[in-house]
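Hi,

Here is the structure I said I would pass on. Have a look at it first, and then read my notes below.

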Amino acid sequence: MQRLPPPPLPDWLAAMVPFERYVVDIGGWKMHVMEQGEGRPVFMLHGNPTWGFLYRKVALALKGEPLRVIMPDLIGLGWSDKPRDLSMHTIRNHSTWIGDLIDRMDLRGMVFVGQDWGGPIGLHALVPRRDRLAGMVLMNTVAGPPRPGFTPTPFHRLSQMPLVSDLLFRGFGFPQRGMNFAQGDKRSIRGNVARAYAEPLRGLANNAAPLALARMVPDTLNHPSCTALKEVEALVSSWKGPAAIVWGDRDPVLGRTRSRMERLLPQAPVTRTEAGHFLQEEAPDAIAEAVRNVVAQIV
């Protein structure tokens, strides 16, 4: 796999991500990746509107262990290329790009770690690559389509409103400029941490993905994402291998979905925390411990 030079980061930001950084050409798009260590691959995938930076504390908590921690940025987010066409952002496109990265790296015996959209995107990429998967850690995410009678969250209803959503997401930089409101501890995302999430999405040329990924969330049972989400549910519900769930109970976006995840993965121990949606910022040690426990169970 050819590794291309990564884009330069401001000094203040580079100091916060002391990892190997590089870019991989994926289907004509350049995907930014960070890595740490050697050993069993642990593939950590973020969601909307974050990037691999979200996992820096978890990675550092695992430093020195025989693990190769891999933290890519989804296309459209972080320091990966950013398509301006919102229609490019579908579960199938994202899972194709992530699956291509997994193949190019030839990852085997991997532990998948996913949160928010990183969960279903990464899991969908693994549907045809099940033989590469050895364990999973899931956090504040979904692994299936909505059930009849569901009600979309106010956040996702807002994203479907024409003009208003464009103004809010594209014009005012939502939600990346208000991530702290989804946290248990609002102080967990402020200062240079908040700045690190907003930096790669500055300007209309770079901030299409947050709105597009919000619109990827089903608001009806006929939403285009539902078919792929059914395939994700089939994978997770049939998974009998090592697994763990770590949850931020104070998440206003996906906090209510924990019980469904528990039903899909009955063998997975559940670690509940007082964290919010971006629990990697508030409970990194709990996530690192879940990764260790899953790795320890792999035969």
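**Pockets and cores**

The largest pocket holds about 960 Å³ of space. Keep in mind that this is a predicted model. If you want to find the middle of that pocket, go to Thr153, His156, Val217, Val253 and Leu254, which lie nearest its centre among the 42 lining residues. Three elements give two or more residues to this lining: helix 5 (154-159), helix 8 (208-215) and helix 10 (258-264). Helix 10 has the largest share, with five residues. As for the make-up of the lining, I get 27 nonpolar residues, ten polar and five charged.

Then there's the second largest pocket, with about 190 Å³ of space. Its lining counts 13 residues, and the ones nearest the centre are His89, Thr90, Met216, Pro224 and Ser225. Here the elements giving two or more residues are helix 3, helix 8 and helix 9 (225-238). Helix 9 supplies the largest share, three residues. By class, this lining splits into six nonpolar, five polar and two charged residues.

On to the packing. The largest nonpolar core has 47 residues, and the members that touch the most others are Phe43, Ile98, Phe112, Leu123 and Leu265. Helix 3 (residues 91-105) contributes the most to this core, six residues in all. Which residues does Leu265 touch, once you set aside those up to four places away in sequence? They are Met136, Leu138, Val236, Trp239, Ala243 and Ile245.

A second core, separate from that one, is made of 42 residues, including Phe19, Leu62, Val246 and Val294. I'd zoom in on Leu62, which sits in the loop between helix 2 (56-61) and strand 4 (67-72). Is Leu62 buried or exposed? Its relative accessibility is 1%, and buried means under 20%, so Leu62 counts as buried. Beyond its neighbours within four places in sequence, Leu62 makes contact with Gln36, Met44, Leu67, Val69, Ala288, Val291 and Arg292. And how far apart in space are Leu62 and Met31? Their C-alpha atoms are 24 Å apart, with the two positions 31 residues apart in sequence numbering.

That's what I have so far. Shout if anything is unclear when you go through it.

Cheers

Note on methods
Residues numbered from 1 in each chain as written. Predicted model: local features only at pLDDT ≥ 70, side-chain atom pairs only at ≥ 80, totals over all residues. Heavy atoms only, no water. Core = buried A, V, L, I, M, F, W, Y, C linked by side-chain atoms within 4.5 Å. Buried < 20%, exposed > 50% of the residue type's maximum accessible area, 1.4 Å probe, protein only. Helix = DSSP H or I, 4+ residues; strand = E, 2+ residues; numbered from the N terminus. Contact = heavy atoms within 4.5 Å. 1 Å grid on protein atoms, 1.4 Å probe; cavity = no way out; pocket = protein on both sides within 12 Å on 5 of 7 lines; lining within 4 Å. Points joined across faces, edges and corners; volume = space filled by probe spheres on them. Nonpolar A, V, L, I, M, F, W, Y, C, P; charged D, E, K, R; others polar.
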